[in-house]
Amino acid sequence: MRTSVNMQHFKYGNCDVVVAPTNEALGAAAAEQFAGAVNKALGTREEIAVVLAAQAASQATFIQAIIERSDINWSRITVFPVDEYLGIGGNNPVSGQWRTHENLIRHVKPKAFHPMRGDNEPVEEELRRYTELLREAKPSICVMGIGESGHLAFNDPPADFETHDLVRVVALNDTTRNQILRSGRFPSFDAVPKFGISLTMHALLLPETVMILVPERSKAEIIHTILDSPVSIMCPASIIQTRKDARLYLDEDSASLVTNRQREAELATSGE
Amino acid sequence: MDTRKYDELDVLIAHSNDALGKAAADDFASAVKTALESQADIAVILALGSSQLTFFHSLLSRDDIEWSRITVLHVDTYVGISEDDPASGSWRLKNQLLDHVKPKKFLGLHGDHEPVEEEIARYSRIVNDHQPVICVMGMGESGHLAFNDPPADFETEDAVRAVALSEVTRRQIVNGGVFGSIDDVPFYGLTLTIKALLRPKTVLVLVPEPQKAQIVKRVLEEPVSIMRPGSILRHYSNARLYLDPDSSALLEPTS
């Protein structure tokens, strides 16, 4: 991939890490990789599916950048979200579905958008329905963030690295619920949902292209922790160090606590 | 003693918590005896908590259980807390029962072992090697079996997992008096999985006391769901649920 000379690169196990000077530069670089991956996939297939965490504020510069690009043929792309709150329907503005629609879908008009129905009961039925959709679609790209708890999608610690299920109901931990509270969408901690529906770690890492976008100062501590962590279910995002060709995008703020030792140790182990 | 059936599950409603403990101890002793007829020694899974006290009390008064041929495994423990810590399940299980009955062996979970994945692998081997024939446990206010809080994994074939403890469970633990405040209660546990708990030939689930009335009603009368972990008992004909008048108080009458 072509990136600007201002980008710093190092390795986290098998995973590439890119540090952009700003959140905007991060979004632009990630959008360029995304467009390249889309066009490569559409070279061999009539249509593709992508998994996007477009509901999340951390993905805003990337989402804006892919909306502005003219080289992405959205009429051949189906969009899946990474997660949803349990018990909250798509008509509710706090739902992931509503925000994904606001932030992305209404601007780009993809071939299809398959939201999770957080209020479908029993939840087991929604898991079955959504599993079928994902199995059918076989997404080729996943772009997501990392939460302050270290989660990917809603897979808080201890994450299930083993299951081959694609969708699960999961409990949201206090770190995640506090992060959600700070987003301002819920009036109080007690109002924040306790459960979510989430793609599993397996489902998130299955696509051939996996991009993890983590800008902002609020993520600096967890990024530092992840880079020091062995692969551990107690630090879910640590799994990405095993994933060849995955790419973690940071900006100067989220990388502000990354030490020289972390950058150099990773370089040394990667043999570069 | 009132008996009922909820799907596959036998439910016994005892006249009192004491009668519940006695009935469960009778069934435990008889399952032990049967198992020891065909095996030189057996393994059983035991839990801990106020719900198990009348059962333990009744076991302590019996002399017909050959504990020297019984290996005891544990259902769950707190991540980060060692077996020597009085807050650990192991310590209290020894204190309340095992030090008195002296089983062949007790194999506890090492909650403080790091990395946790290593302890999960070690204890999984222990569970799979011993093939326990009896499991006796309670059900939490969250509906959990062992530490399998909602949403519980009914499908996994793993024997042991690390799990997050829900707020309901952490509050119940505070009320148990072992920890000073909710901030002291661990966030994670190691637990036998649902399938590992329900695989033994005999599964006795002891749920006395009024604070369980609400969850007992939901688990038995609402649909079987991962959001109500104990509801899965209704799919297991080898399980028996013991209630007392307090915990069964909200149940609809059955014909």
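**Exercise 1. The core**

Which residues of the largest nonpolar core touch the most other members? Find them, then ask which helix supplies the largest share of this core.

*Solution.* Keep in mind that this is a predicted model.

Step 1. The largest nonpolar core has 157 residues. Those touching the most other members are A:V143, A:I212, A:Y249, B:V136, B:L197, B:V205 and B:Y242.

Step 2. Now look for the biggest contributor. Helix α1 of chain A, residues 23-44, provides the largest share of this core, with 10 residues.

Step 3. Zoom in on B:Y242. Leave aside its neighbours within four places in sequence, and its contacts are B:L12, B:A14, B:L20, B:A23, B:A24, B:L204, B:V205, B:L206 and B:V207.

**Exercise 2. Two helices in chain A**

Work out how α1(A) and α2(A) are oriented: parallel, antiparallel, perpendicular or oblique?

*Solution.*

Step 1. Start with the axes. Those of α1(A) and helix α2 of chain A (residues 60-68) come within 7 Å and cross at roughly 50°.

Step 2. Angles from 65 to 115 degrees would count as roughly perpendicular, and those under 35 as roughly parallel. The crossing fits neither, so α1(A) is oblique to α2(A).

Step 3. Check the handedness: α1(A) crosses α2(A) in a right-handed way.

Step 4. List who meets whom. From α1(A) come A:N23, A:E24, A:L26, A:G27, A:A28, A:A30, A:A31 and A:F34, and they meet A:T61, A:F62, A:Q64, A:A65 and A:I66 in α2(A). Sorted by class, the residues of this contact are 8 nonpolar, 4 polar and 1 charged.

**Exercise 3. The α1 and α2 helices of chain B**

Describe the crossing of α1(B) and α2(B), then find out which residues of α2(B) are buried.

*Solution.*

Step 1. Helix α1 of chain B spans residues 17-38 and helix α2 of chain B spans residues 53-60. Their axes come within 7 Å and cross at roughly 55°, and α1(B) and α2(B) are therefore oblique to each other. The crossing is right-handed.

Step 2. On the α1(B) side, the residues are B:N17, B:D18, B:L20, B:G21, B:K22, B:A24 and B:A25. They meet B:T54, B:F55, B:H57, B:S58 and B:L59 of α2(B). This contact comprises 5 nonpolar, 5 polar and 2 charged residues.

Step 3. Next, burial. Buried residues in α2(B) are B:T54, B:F55, B:F56, B:S58 and B:L59. They pack against α1, α3 (89-101), β7 (134-137) and β10 (202-207) of chain B.

Step 4. What about B:H57, which also sits in α2 of chain B? B:H57 has 16 other C-beta atoms within 10 Å, so it counts as partly exposed. B:H57 and B:K22 are 35 residues apart in sequence, but their C-alpha atoms are 8.5 Å apart in space.

**Exercise 4. A strand residue**

Is B:L73 buried or exposed, and what does it touch?

*Solution.*

Step 1. Place the residue: B:L73 lies in strand β4 of chain B, residues 70-74.

Step 2. Count its C-beta neighbours inside 10 Å. There are 21, so B:L73 is buried.

Step 3. Skip residues up to four places away in sequence, and B:L73 touches B:A43, B:I45, B:L107, B:I126, B:V127, B:H130 and B:P132. Take B:A43 from that list: B:A43 and B:L73 are 30 residues apart in sequence, with their C-alpha atoms 7.0 Å apart.

**Exercise 5. Backbone oddities**

Hunt for cis peptide bonds and for positive phi values outside glycine, and say where they sit.

*Solution.*

Step 1. In chain A, the bond from A:P157 to A:P158 is cis, with omega near -5°. A:P158 is in the loop between β7 (141-144) and β8 of chain A.

Step 2. In chain B, a cis bond joins B:P150 and B:P151, with omega about -5°. B:P151 belongs to the loop between β7 and β8 (160-164) of chain B.

Step 3. Turn to phi. B:K102 has a positive phi near 50° and lies in the loop between α3 and β6 (105-107) of chain B. Just 10 other C-beta atoms lie within 10 Å of B:K102, so it is exposed.

Step 4. B:A146 has a phi near 50° too, and its place is the loop between β7 and β8 of chain B. B:A146 has 30 C-beta neighbours inside 10 Å, so it is buried.

**Exercise 6. Where the chains meet**

How many residues of chain A are in contact with chain B?

*Solution.*

Step 1. Count both sides: 16 residues of chain A contact 16 residues of chain B.

Step 2. On the chain A side, α4 (123-137) and β8 (167-171) are the elements giving two or more residues. β8(A) gives the most, with 3 residues.

Step 3. By class, this side of chain A has 10 nonpolar, 3 polar and 3 charged residues.

Terms used. Residues are numbered from 1 along each chain as its sequence is written. Chains are lettered from A and ligands numbered from 1 in the order in which they are written. This is a predicted model: local features need pLDDT of at least 70, side-chain atom pairs count only at pLDDT 80 or more; totals for chains, interfaces and linings use all residues. Two residues are in contact if their C-beta atoms, placed from the backbone, lie within 7 Å. Helices (H or I, at least four residues) and strands (E, at least two) are DSSP runs, numbered from the N terminus. Ala, Val, Leu, Ile, Met, Phe, Trp, Tyr, Cys and Pro count as nonpolar, Asp, Glu, Lys and Arg as charged, and the others, Gly among them, as polar. Axes are lines fitted to C-alpha atoms, for helices over the stretch in contact, and angles run from 0 to 180 degrees between N-to-C directions. Angles under 35 degrees count as roughly parallel, over 145 as roughly antiparallel, 65 to 115 as roughly perpendicular and the rest as oblique. A crossing is left-handed if the near helix is turned anticlockwise from the far one by less than a right angle, and right-handed if clockwise. A nonpolar core is a set of buried Ala, Val, Leu, Ile, Met, Phe, Trp, Tyr and Cys residues joined through C-beta atoms within 7 Å. A residue is buried if 20 or more other C-beta atoms lie within 10 Å of its own, exposed if 12 or fewer, and partly exposed in between; C-beta atoms are placed from the backbone.
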